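Reader: I'd like a close look at one part of this model, but give me a feel for the whole thing on the way there. Take your time and keep it casual.

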Amino acid sequence: MFSTICLLFFVAFILWMNTSKRITWRKKPKLLQRLAKESVRSKYISSVLMMMATSLSVVQLGFGSGLFAAIVVLMCMGSLIVLFFPFRYAGVSWIIGTYLVCFLMEYLIR
């Protein structure tokens, strides 16, 4: 569940950052190009994903610790994206692969 929460925050932050006019992004995927033109829709989708991730965190951990964990994970994903974005370290295949490894470890170790 925690890997899914982190992935939701990661995707939500990417969608929100995609609406910024100050960030240049070469080789942007077509879906993100289309969503960048419709910034209101992109921010709406991003907000829904953030609310879903926050609600999953609250369900998993309880109200107080869930809200705190959601804020911490959101800040962590934002920092991770801002740090790795200029260097192009994280591609789509890397993100999906990391998510699948974390997801499998999360459920196999239980």
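To set the scale, what radius of gyration does the protein have, and what would a compact globule with 110 residues have? After that, please walk me through helix α4: which of its residues are buried, which exposed residues sit on the face turned away from them, and what do the buried ones pack against?

Author: Happy to, and keep in mind that this is a predicted model. On scale, the protein has a radius of gyration of 15 Å, and a compact globule with 110 residues would have one near 13 Å, so the two agree. Along the principal axes, the C-alpha atoms fill a box of roughly 40 × 25 × 20 Å. The fold is helical: there are five helices and zero strands, and reading along the sequence you get α-α-α-α-α.

A bit more on the whole before we zoom in. Of the 110 residues, 27% count as buried. The accessible surface comes to about 7700 Å², and 73% of that belongs to carbon and sulfur atoms. As for contacts with a separation of 6 or more, 71% of them are between residues 24 or more positions apart.

Now to α4. This helix covers residues 63–84, which makes 22 residues, and it reaches 31 Å from its first C-alpha to its last. At 1.5 Å a residue you would expect 32 Å, and the value here is close to that. Its buried residues are Gly66, Ala69, Ala70, Val73, Met77, Gly78 and Ile81. Look down the axis of α4 and those buried residues fall within an arc of 170°, so they line one face of the helix. Turn to the face pointing away from that buried side and you meet the exposed residues Gly64, Phe68, Ile71, Met75 and Val82.

What is on the other side of the buried face? The buried residues of α4 pack against α1 and α3, so let's visit each of those partners in turn.

Start with α1, residues 2–18: its 17 residues should span 24 Å at 1.5 Å a residue, and its end C-alpha atoms are indeed 24 Å apart, which agrees. Its buried residues include Ile5, Leu8, Phe9, Phe10, Ile14, Leu15 and Met17. The buried residues of α1 pack against α2 (30–37), α3 (39–61), α4 (63–84) and α5 (92–109).

Met17 is a nice place to see α1 and α4 come together. It lies in α1 and is buried, with a relative accessible area of 10%. Leaving aside residues up to four places away in sequence, Met17 touches Ile23, Ile81 and Phe85. You have already met Ile81 among the buried residues of α4. Met17 and Val82 are 65 residues apart in sequence, but C-alpha to C-alpha they are 9.4 Å apart in space. Val82, remember, is one of the exposed residues on the face of α4 turned away from its buried side.

Over in α3, have a look at Ser42, which has its place in that helix. Ser42 counts as buried, at 0% relative accessibility. Again not counting residues up to four places away in sequence, Ser42 touches Leu15, Thr19 and Leu35. Leu15 is one of the buried residues of α1.

Last, what does the record say about this stretch? An unreviewed UniProt entry lists residues 67–85 and 91–109 as "transmembrane region". In the model, residues 67–85 are 95% helix and 0% strand, with end C-alpha atoms 27 Å apart. Residues 91–109 also come out at 95% helix and 0% strand, and their end C-alpha atoms lie 27 Å apart.

Terms used. Residues are numbered from 1 along each chain as its sequence is written. This is a predicted model: local features need pLDDT of at least 70, side-chain atom pairs count only at pLDDT 80 or more; totals for chains, interfaces and linings use all residues. Side-chain values use heavy atoms; hydrogens and water are left out. Helices (H or I, at least four residues) and strands (E, at least two) are DSSP runs, numbered from the N terminus. The expected span of a helix is 1.5 Å times one less than its number of residues. Buried means under 20% relative accessible area, exposed over 50%, partly exposed in between (1.4 Å probe, protein chains only). Contact means heavy atoms within 4.5 Å. The radius of gyration is taken over C-alpha atoms; the globule rule is 2.2 Å times the number of residues to the power 0.38. Accessible areas come from the Shrake-Rupley method with a 1.4 Å probe; for residues, only the protein chains shown count as cover. The arc is that of the directions from the helix axis to the C-beta atoms. UniProt positions are given in the numbering used here, feature names are shortened, and annotations may be inferred rather than shown by experiment.
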